[in-house]
Amino acid sequence: MKFFALAAALLPLLITDANAFPMSNLESRTDYASIAARTTPGDKPVIIQLFQWNYASVAAECTEFIGPAGYGYVQVSPPTESISGSQWWTDYQVVSYTLTSKHGSRDDLKNMIDTCHAAGVKVLVDTVWNHMAGIDSGTGTAGDSFTHYSYPPTWDTSNFHYCGTPGNDIQDWQSRTQVQTCELSNLADLATETETVRAKLAAFGNDLMSLGVDGLRLDAAKHMPTADISNIVGRLNPQPQYITQEVVAGDGDTIQGSEYAGIGDVQEFRWTTAIQKAFSGGGISSLQSFTDSQWTDSAHANVFVANHDTERGNAAASLNVNSPSNTYTLANIFALAHPYGTPTVLSSYTYSSVDDGAPNGGTGSCYGAGGVNGWLCQHRWTAIAGMTGFRNTVGSAALTNWVSPSSDRIAFGRGNVGFVIINNDDAAWGATFTTGLPDGVYTDVISGSANFTVSGGQLKTAVPIRDAIALHVGAKA
Ligand code: LM2
Ligand code: CA
C-alpha cells in the first residue's frame, strides 16, 4: 500500500490533464512503475466476480454480506449500451458508451458504487475497449440504432480495422497482427492505435472514474497492443487503483500475458487449467511452489478456479460447479489459501444452455450460505467466505510447514497465522500436523462450526474424504 500511496500522490502531478501532453510523451512512456505498483489490491485482496448481477442487487449484497464478510472488491458486468437480447453475452457487443445496460442505469451504477464504498467494498467494472457489436444491425439497450462498423454518434466506418482476412476474422492465432487487428467472433475491431479512438475510449474510462469506479477488468486485452492500452490508461484521471487484463495465453503463444504486466494484473488462465488437472486426478502434491516459468509472475497474476467463460467451456479448461467430488470447492479453498496471485471468486448462476442470461431479470439473490432463484452465490458458501477471512488474515505471509504424504493430500501454513489441510482423497486423512499456530482453540472456517485445539503448535485431527480444514488466528473459538 506504500507504493500505491506514493503513486497516488504523484499521479495527479504527472497526469493532471493527460490530453495536454503531446502524444509523443504518452506513446514513449516506458516507465510503468506507478501503474505496476498499484497491482496489489491491499489488505482485502479478494475479488468477487458478480456475473450478470444487476447493479441494484449488487448494492444490496455489498451492504448485507460482501462488506461484512471482508471481500475487498466486486467485479461487475459491463455497464455500457449493448445489443438487445436475453443472452449474457450481449454485454460484449457494445453499441455506445451510454451507461444504460440490462444491469441498470447510470444512476443505478452510481448508487451501487456509493453503497459498496460505504460497506468498504471497491468496484471493478468489466470494460470493453477492443470492439463493438458483431451482429449486422439492431437497436441497443439505450435506443441507438447501428449497423456493423457504424455506431452513431460514437463511431463511423473509419474507426475500425479491416485486416483483410476473409470476413476480417482472426484465422492465425499465432499472428500478433491478426490477433490484434482482425475480428474476434466478428466483433468490429476498433483502431486503437488512432488518436480519435484512444481519446473516446479514454473519455469513456474517465466517465467511469468520475462515478467513483475503483478499477477495471479489460476485456479482450490480448486483442489490443500494450502500447494502445497503456496510452488510454495513461489518460485516466484519477488513475484506477487496480487493473486486471484478460489475456488468454498458452505456452509458446506469440502473445504472452507477461507483456501486459507493466499495465496491471493479468488473468492467468494456465493456472486455472492446471488447478483443474491437479484436482481431477493429476494430484495436488505438486502445488507447493505452484507456478511455471511461462506464467505471469505471482505479483501480476489474477487467478480464479473458473470465470464466466471457463465455466461454460470457453477460453480455457476449468472446474465448475458441477465438477464431481467437491473438487470445485476444494480448489477454491486452495486458491484462497495459496499465495500465488490475486484471487477472484466467481459468483454465478445455474443454466441449461450456455447462452442463458441471468435468472430473475438479473436481480441477484442469496439466502444464508447459498443462493436462491437459480443464483449460486458462491461468495456466500461457508468455505469460500471463511477462506476470504483466512486470506485477509494471512496477507502475504510466507508458505510454511508444507506436508504432502500422498498425491491428493496437502497441508500448509501461512507464516504462523494460518494453516490449511486439503484432503482430495477418497479416504479420510488422520494425522498430527505441525501448524506453527499459537496454542489455543480454533474454529474451522470451512465448516464454520467444529472446534480444533492446537497444543505445542500441533493439531491432531482427521480430515474427512474430499474435505478440508482451515484455521487462522482471526478465528479462534
Ligand atoms: C471476452 N474476453 O476477451 C469475454 O470474456 C467473452 O465472454 C466474450 O465472448 C469475448 N471476449 C468477446 O468480448 C462472449 C461469448 C461469445 C459471444 C461474444 C459476443 O463467449 O459467444 O459471441 O461474447 O457477444 C456471440 C456469438 C458468436 C458471434 C458473436 C458476434 O456467440 O457466435 O460470432 O456473438 O455476433 C459470430
Ligand atoms: Ca483489436
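**A parallel strand core and a calcium site in a predicted model**

Strand β1, helix α4 (residues 55–69) and strand β2 form a right-handed β-α-β unit. The model described here is predicted. In the first pairing, β1 (residues 47–50) runs parallel to β2, and four bridges join the two strands. Leu-50 has Val-76 as its bridge partner in β2.

The pattern continues on the other side of the connection. β2, helix α5 (residues 106–118) and β3 make a right-handed β-α-β unit. β2 and β3 (residues 122–128) run parallel and are joined by four bridges. Val-76 is placed opposite Val-125 of β3. Val-76 is thus named in both pairings, with Leu-50 as a partner in one and Val-125 in the other. Within β2 (residues 73–76), the side chains alternate: Tyr-73 and Gln-75 point one way, Val-74 and Val-76 the other way. All four are buried.

The calcium ion (ligand 2) provides a further link between separate parts of the chain. Its donors are Asn-130 (OD1), Gln-180 (O), Asp-189 (OD, listed twice) and His-223 (O). The coordination distances are 2.3 to 2.6 Å. Along the chain, the donors follow the spacing N-x49-Q-x8-D-x33-H. Gln-180 belongs to helix α6 (residues 176–181), whereas His-223 sits in the loop between β6 (215–219) and α8 (226–234), so this pair ties together parts that are 43 residues apart in sequence. Both Gln-180 and His-223 are buried.

Several backbone features fall in loops. Most residues other than glycine have a negative phi, and most peptide bonds are trans. Two cis peptide bonds are found. One runs from Pro-152 to Pro-153, with omega near 5 degrees. Pro-153 is in the loop between β5 (145–147) and α6. The other runs from Asn-237 to Pro-238, with omega near 0 degrees. Pro-238 is in the loop between α8 and β7 (242–245).

Positive phi values occur at two non-glycine residues. Tyr-149 has a phi of about 80 degrees. Tyr-149 lies in the loop between β5 and α6. It is buried, with a relative accessible area of 14%. Asn-186 has a phi near 70 degrees. This residue lies in the loop between α6 and α7 (195–210). Asn-186 is partly exposed, at a relative accessible area of 27%.

At the level of the whole chain, there are 11 helices and 20 strands. The chain has 477 residues and a radius of gyration of 22 Å, which agrees with the value near 23 Å for a compact globule. Along the principal axes, the C-alpha atoms fill a box of roughly 70 × 45 × 45 Å. Of the 477 residues, 55% count as buried. Among contacts with a separation of 6 or more, 69% come from residues 24 or more positions apart.

Two domain annotations come from an unreviewed UniProt entry. "Glycosyl hydrolase family 13 catalytic" covers residues 45–391. Over this span the chain is 27% helix and 13% strand. The end C-alpha atoms of the span are 8 Å apart. "Alpha-amylase C-terminal" is listed for residues 400–476. That span is 0% helix and 60% strand, and its end C-alpha atoms lie 20 Å apart.

Methods: Residues are numbered from 1 along each chain as its sequence is written. Chains are lettered from A and ligands numbered from 1 in the order in which they are written. Side-chain values use heavy atoms; hydrogens and water are left out. UniProt positions are given in the numbering used here, feature names are shortened, and annotations may be inferred rather than shown by experiment. Donors are N, O and S atoms within 2.8 Å of the metal (3.2 Å for Na, K and Ca); water is not among the atoms, so sites may look incomplete. Buried means under 20% relative accessible area, exposed over 50%, partly exposed in between (1.4 Å probe, protein chains only). Two strands pair if DSSP finds at least two bridges between them. A crossover is right-handed if, with the strands pointing away from the viewer, the path from the first strand over the helix to the second runs clockwise. The radius of gyration is taken over C-alpha atoms; the globule rule is 2.2 Å times the number of residues to the power 0.38. Contact means heavy atoms within 4.5 Å.
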